[in-house]
Each structure stands twice: as C-alpha cells, then as structure tokens.
Amino acid sequence: MATVSVDVDIDDILWDMSSSEKRELCKELIEDGYGPEGVLRTEGYHPDEEMYREAVLKLLDSYSQLTAAQIELVKQLAG
C-alpha cells in the first residue's frame with residue numbers, strides 16, 4: 001500500500017480560517033480532551049451551561065471592545 005507524505009504548516013491553515021471556524025475548532029479540541037487542563041469541563045453540564053460557554057466565547061471575541069468597568073465585572077465574576 002502506498003503512502004503519501006504531506007508537509008502542512010498549521011499557521012497557513014489558521015490564517016485562512018474565520019474567527020467562528022477557529023472558535024469551533026477550539027471547542028472541538030477541548031471537548032476531545034486537548035488543551036489546558038480545566039479550561040472548560042465537557043461532562044456533567046447543566047443545560048444552561050451551554051449558553052454560558054457561548055457567552056464566554058463571545059466575551060473572548062469582544063475583549064478589545066469592553067470598557068474598563070466591564071473588564072472589572074468579568075474579573076469579579078471569575079472570582
């Protein structure tokens with residue numbers, strides 16, 4: 001059986017992805033157990049936690065647009 005070796009640069013792939021595609025990739029990798037420990041749990045969620053996860057991802061996307069007061073509120077909520 002013949003094999004083919006392909007040299008792929010991950011930076012080229014990431015550069016061509018949209019923000020939503022990158023978010024989806026990160027979500028899938030975390031759900032599959034890849035990524036830093038304790039970033040997001042993937043088991044035992046309460047039904048409302050999916051909404052929470054989506055809200056957190058939106059916050060990450062809009063971080064540069066948050067006011068100082070909003071950033072402080074997020075820090076307080078995070079404990």
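This report describes the helices, surface patches and salt bridges of a predicted model of one chain.

**Overall layout**

The chain holds four helices and zero strands. Read from the N terminus, its elements follow the order α-α-α-α. Of the 79 residues in the chain, 5% are buried. About 7200 Å² of the chain is exposed, and carbon and sulfur atoms supply 57% of that area.

**Helix α2 and its end**

Helix α2 covers residues 19–31. With 13 residues at 1.5 Å a residue, α2 should span 18 Å, and the C-alpha atoms at its ends are 18 Å apart, so expectation and model agree. Gly-33, just after α2, has a positive phi of about 95 degrees.

Among the residues of α2 is Leu-25, which is partly exposed because its relative accessible area of 34% falls between the limits of 20% and 50%. Lys-27 is also placed in helix α2. Its relative accessibility is 25%, so Lys-27 counts as partly exposed. Lys-27 and Leu-57 are separated by 30 residues in sequence, while their C-alpha atoms are 9.4 Å apart in space.

**Helix α4 and its end**

How many of the 11 residues of helix α4 are buried? The number is one, so α4, which takes in residues 68–78, lies largely in the open. Just after α4 comes Gly-79, where phi is positive at about 85 degrees.

**Salt bridges**

The count of salt bridges in the model is two. In one of them, the side chains of Arg-23 and Asp-61 meet, with an N to O distance of 2.0 Å. This pair links distant parts of the chain: Arg-23 belongs to helix α2 and Asp-61 to helix α3 (residues 48–61), and the two are 38 residues apart.

Glu-72 and Lys-75 form a salt bridge as well, and their closest N and O atoms are 3.6 Å apart. Both residues lie in helix α4; they are three residues apart, so about one helical turn separates them.

The accessibility of the residues in these pairs is set out below.

| Residue | Relative accessible area | Class |
|---|---|---|
| Arg-23 | 26% | partly exposed |
| Asp-61 | 42% | partly exposed |
| Glu-72 | 39% | partly exposed |
| Lys-75 | 52% | exposed |

Lys-75 is classed as exposed because its 52% is over the 50% limit. Glu-72, its partner in the salt bridge, is partly exposed at 39%.

**Surface patches**

Which residues form the nonpolar patch on the surface? They are Val-4, Val-6, Val-8, Ile-10, Ile-13, Leu-14, Leu-25, Leu-29 and Tyr-34, and together they have about 850 Å² of accessible area. Helices α1 (10–16) and α2 (19–31) each supply at least two residues of this patch. The largest share, three residues, comes from α1. Leu-25, one of the patch residues, sits in helix α2.

A negative patch is also present on the surface, formed by Asp-7, Asp-9, Asp-11, Asp-12 and Asp-16. One of these residues, Asp-12, is found in helix α1.

**Summary by element**

Helix α1 gives the nonpolar patch its largest share of residues and contains Asp-12 of the negative patch. Helix α2 supplies at least two residues of the nonpolar patch, and Arg-23 in α2 is paired with Asp-61 in helix α3. Helix α4 carries the pair Glu-72 and Lys-75, and the number of buried residues in α4 is one.

Technical notes:
Residues are numbered from 1 along each chain as its sequence is written. This is a predicted model: local features need pLDDT of at least 70, side-chain atom pairs count only at pLDDT 80 or more; totals for chains, interfaces and linings use all residues. Side-chain values use heavy atoms; hydrogens and water are left out. Patches are made of residues with over 30% relative accessible area and no salt bridge: like charges are joined within 9 Å, nonpolar side chains (Val, Leu, Ile, Met, Phe, Trp, Tyr) within 5 Å. Accessible areas come from the Shrake-Rupley method with a 1.4 Å probe; for residues, only the protein chains shown count as cover. A salt bridge is a side-chain nitrogen of Lys or Arg within 4 Å of a carboxyl oxygen of Asp or Glu. Buried means under 20% relative accessible area, exposed over 50%, partly exposed in between (1.4 Å probe, protein chains only). Lys and Arg count as positive and Asp and Glu as negative; His and the chain ends are not counted. The place of a charge is taken as NZ of Lys, CZ of Arg, CG of Asp or CD of Glu. The expected span of a helix is 1.5 Å times one less than its number of residues.
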